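Me: Please take a close look at a single part of this structure, starting from one loop residue and moving on to the helices around it. A connected description would suit me better than a list.

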Amino acid sequence: MSLLRRPRLSEPILSGLLVVAVAAEHLYMSDAGHPQWSGWSALVGVLGVTLAMWVRQRQPAVAVALVCALVGGTVVANDGWVLISYIAFAALVSFLVGRWADRVWPSAVVAGVAVVTLTALDAVVNSGGVQVAMAGNMVIFMALPWLSGRYLRQVARNHSTEIEQAQLTERARIAQEMHDSLGHELSLIALRAGALEVAPGLGDAHREAAGAIRTAAAGATERLGEIVGVLRPAAEEAPLTPAAAGIGGLVERARESGMDVRLEGSLDDGDGVRDVAAHRIVQEALTNAARHAPGSSVTVSVETGVDGVRLSVTNGRATLPPRAGATTGLGLAGLEEAARAAGGTLRHGPAAGGGFEVVADLPAREDQRRGVRL
């Protein structure tokens, strides 16, 4: 059966009620003087229904065969007459098989063989008198419930796929946020270790240890980037929750870690998407500067105008050995997506006089363009 299958308490209860109904209807018809319904037919009916309901989960094709044999055989033997409980039995088993069976063709083959066999048997016993009624009964009481079950199965499968996709997207989003945060912290650790490595008066052993710390931090950042690169979806929206630490906090933490960085201007709160995009752009740009141009001076500039905000992060040439390792380009691609989600643009490339710069233009809200603060 399918992995979507979940045991339902109602199904065993329905099975028990169905067995009781078959036995009771057989006994009633027998007491009413109908010779075709006897104690033996009641025993066969109860055993057939019980067996079909028992094997329907593991062997759905066997359950379909039992339904066709019991219900179809009864129709042929009684010249078109069938018990109401048998009709309910055929509909219930067909629905459950359609709802939970993984494969379609075994049950379809069994049903097809049963139709041919019962048609031939009816031609011998009743001269074909109940063929139309039997075909109609199988369509109404077996095919339609089976199709209903398959439809519900497809709906459940689509819902399950949507849930799995949402979970994967959320995990990728969390992984990306962890990469942005942890990658930034590891870059600051590597920067601090690099500065300690070239500090005057440091012993060789301590200098070697500082170099080892810088290398380990660089390697950890590389592995973190590779892992997030696997989890990162092809397209994702920027998160809508503003970052807890502003641009000033990022610059201060970088300065405390030994980076020669200064902040020009400030960004007022006002737009959650824009603030998050600005935070991520500055954070990633500082991380890249610490990684590729350690020891260089970095300038973070915030220019606020009527139409929006221009952010620029510019670093000079490296004065310390840059961290080894290939880059994936996902960081800058993520910044472009963050700027786009905020309605802005981003460009990056070599800066005048050497170094590198990242420049983002983020628009203001409509109310801010009109000079109104809400």
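Reply: Arg103 has a relative accessibility of 55% and therefore counts as exposed, the cut-off being over 50%. The model is a predicted one. Arg103 sits in the loop that links H4 to helix H5 (105-125). Its C-alpha atom is 9.2 Å from that of Pro60, although 43 residues separate Arg103 and Pro60 along the chain.

Pro60 leads to the pair of helices H3 and H4, since Pro60 is one of the H3 residues that meet H4. Helix H3 covers residues 60-77 and helix H4 covers residues 84-100; their axes come within 10 Å and cross at roughly 160 degrees. H3 is therefore roughly antiparallel to H4, an angle over 145 degrees being counted that way. The crossing of H3 past H4 is left-handed.

On the H3 side, the contact is made by Pro60, Ala63, Val64, Val67, Leu70, Val71 and Thr74. On the H4 side, the residues they meet are Tyr86, Phe89, Ala90, Val93 and Val97. Sorted by class, the contact of H3 with H4 holds 11 nonpolar residues, one polar residue and no charged residues.

As for the setting, the protein has 11 helices and five strands. Of its 374 residues, 40% are buried. Among contacts with a separation of 6 or more, 71% are between residues 24 or more positions apart. The protein exposes about 20,100 Å², of which carbon and sulfur atoms supply 63%.

Conventions:
Residues numbered from 1 in each chain as written. Predicted model: local features only at pLDDT ≥ 70, side-chain atom pairs only at ≥ 80, totals over all residues. Heavy atoms only, no water. Axes fitted to C-alpha atoms, helices over the stretch in contact; angles between N-to-C directions. Helix = DSSP H or I, 4+ residues; strand = E, 2+ residues; numbered from the N terminus. Parallel < 35°, antiparallel > 145°, perpendicular 65-115°, else oblique. Left-handed = near helix turned anticlockwise from the far one by under 90°. Contact = heavy atoms within 4.5 Å. Nonpolar A, V, L, I, M, F, W, Y, C, P; charged D, E, K, R; others polar. Buried < 20%, exposed > 50% of the residue type's maximum accessible area, 1.4 Å probe, protein only. Areas by Shrake-Rupley, 256 points an atom, 1.4 Å probe, with all protein chains shown as cover.
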